[in-house]
Amino acid sequence: MIKVIFWPIIGLLTVLGMVLNMAHAAQLAIVIDDFGYRQHNEMAIINLSDNITVAVLPNATHAQQIATYAHEHGNEVIIHLPMAPMGKQPLEKDTLFPDMSQTEIDRIVTDAVNKVPYAIGVNNHMGSLMTASLSGMDKVMLTLSQYDFFFLDSRTINTSKVPQAAATYHMPVLSRNIFLDDSMKEADIAAQFELAINFARKHGHAIAIGHPYPATVNVLTQKLAQLPADITLVKLSQLLPLPLSLPHSLPQPTPQPTLGDILGGLKTDSAALFAEWFIQAQSLDKY
Ligand SMILES: [Zn+2]
């Protein structure tokens, strides 16, 4: 008799536990940048999960094909808009500079929209120079405001003016929290993935950005197969602020990991190394 009652109760409690766990699950969004050049790796990323968002470079060789493939697989597509970095490095065609005219920026953005079908938003490729310029980003947001887009600030620089410029045009804004593959070593990428999970647990959600590198594909394959039960992989648009029902509500800056967050879980001998990494990470144009 006791057994007859015991097992259904255990079953009920397990289901209840799962439901409660899901209700409290932290949300993790993963965006993979620089799509359009490495079809094999990019298709592997897309096939991992339809919740991974892909950011397509408009002038990449396979931009249109990979955007279409991603969309048909159920993945969200955003335009990875090339923006000027501070340092000297090879630039994509039609990289946006702060001193370009509104007409020039209109032409480049419109061309990008035409080359990346199914895009629902935009994020910046590089951009430590461009996104730090309020007048430059003002021109970009004016053009983008013609479309029903949101903007994901890749935050390649701490002084990004994306939130201010977007607010002027009521453009919804998201902000990258963690870079996954600044180092291309699998162990480092795995550590960054764990950092993203801990960030999500602390703040309720996290946005991680990576690249279609073979090492990143390997780490994501392993990590997504054993995602902790309290973490849900979500589409990027699921993290958007609710529709702006309040006329003067402005996008709030997303908290960024502090040095304390990162060092908190580390042994002291790794701390100095990570401190150095964190300082370098403040201006990252690899993205
Ligand atoms: Zn990029």
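Over which residues does the pLDDT stay under 50, and how many contacts beyond four places in sequence does the model have for them? In this predicted model, the pLDDT stays under 50 over residues 16-21, a stretch for which the model has two contacts beyond four places in sequence. Residues 263-282 also have a pLDDT below 50, with twelve contacts in the model beyond near neighbours in sequence. Where pLDDT is low, the predicted coordinates should not be read in detail. Over the chain, the pLDDT averages 86, and 76% of the residues score at least 70.

**Overall fold and core**

The chain has 287 residues, of which 39% count as buried, and its secondary structure comes to ten helices and nine strands. Among the contacts with a separation of 6 or more, 74% join residues 24 or more positions apart. The largest nonpolar core has 68 residues, and those with the most contacts inside it are Val31, Val54, Val56, Phe151, Ala196 and Ala208. Helix H7 gives the most to this core, with seven residues. Valine 54, for its part, touches Ile32, Phe35, Ile46, Ala70, Asn75 and Val77, when residues up to four places away in sequence are not counted.

**Helices H7 and H4**

The table sets out the two helices.

| Helix | Length | End-to-end C-alpha distance | Expected span | Buried residues |
|---|---|---|---|---|
| H7 | 18 residues | 26 Å | 26 Å | Ile189, Gln192, Phe193, Leu195, Ala196, Ile197, Phe199, Ala200 |
| H4 | 14 residues | 20 Å | 20 Å | Ile105, Ile108, Val109, Ala112 |

Helix H7 runs over residues 186-203, and lysine 202 is found in this helix. Lysine 202 counts as partly exposed because it has 14 C-beta neighbours inside 10 Å, where 20 or more would make a residue buried and 12 or fewer would make it exposed. Although lysine 202 and alanine 26 are 176 residues apart in sequence, their C-alpha atoms are 8.4 Å apart in space. Just after H7, glycine 204 takes a positive phi of about 95 degrees.

In helix H4, which covers residues 102-115, the buried residues are Ile105, Ile108, Val109 and Ala112. Seen down the axis of H4, these buried residues fall within an arc of 95 degrees, so they line one face of the helix. An α-helix has 3.6 residues a turn, so residues three or four places apart point the same way. The buried residues of H4 pack against strand S3 (77-83) and helix H5 (134-144), while the face of H4 turned away from its buried side carries the exposed residues Thr103 and Asn114.

Key:
Residues numbered from 1 in each chain as written. Predicted model: local features only at pLDDT ≥ 70, side-chain atom pairs only at ≥ 80, totals over all residues. pLDDT = per-residue confidence, 0-100. Contact = placed C-beta atoms within 7 Å. Helix = DSSP H or I, 4+ residues; strand = E, 2+ residues; numbered from the N terminus. Core = buried A, V, L, I, M, F, W, Y, C linked by C-beta atoms within 7 Å. Expected span 1.5 Å × (residues − 1). Arc of directions from axis to C-beta.
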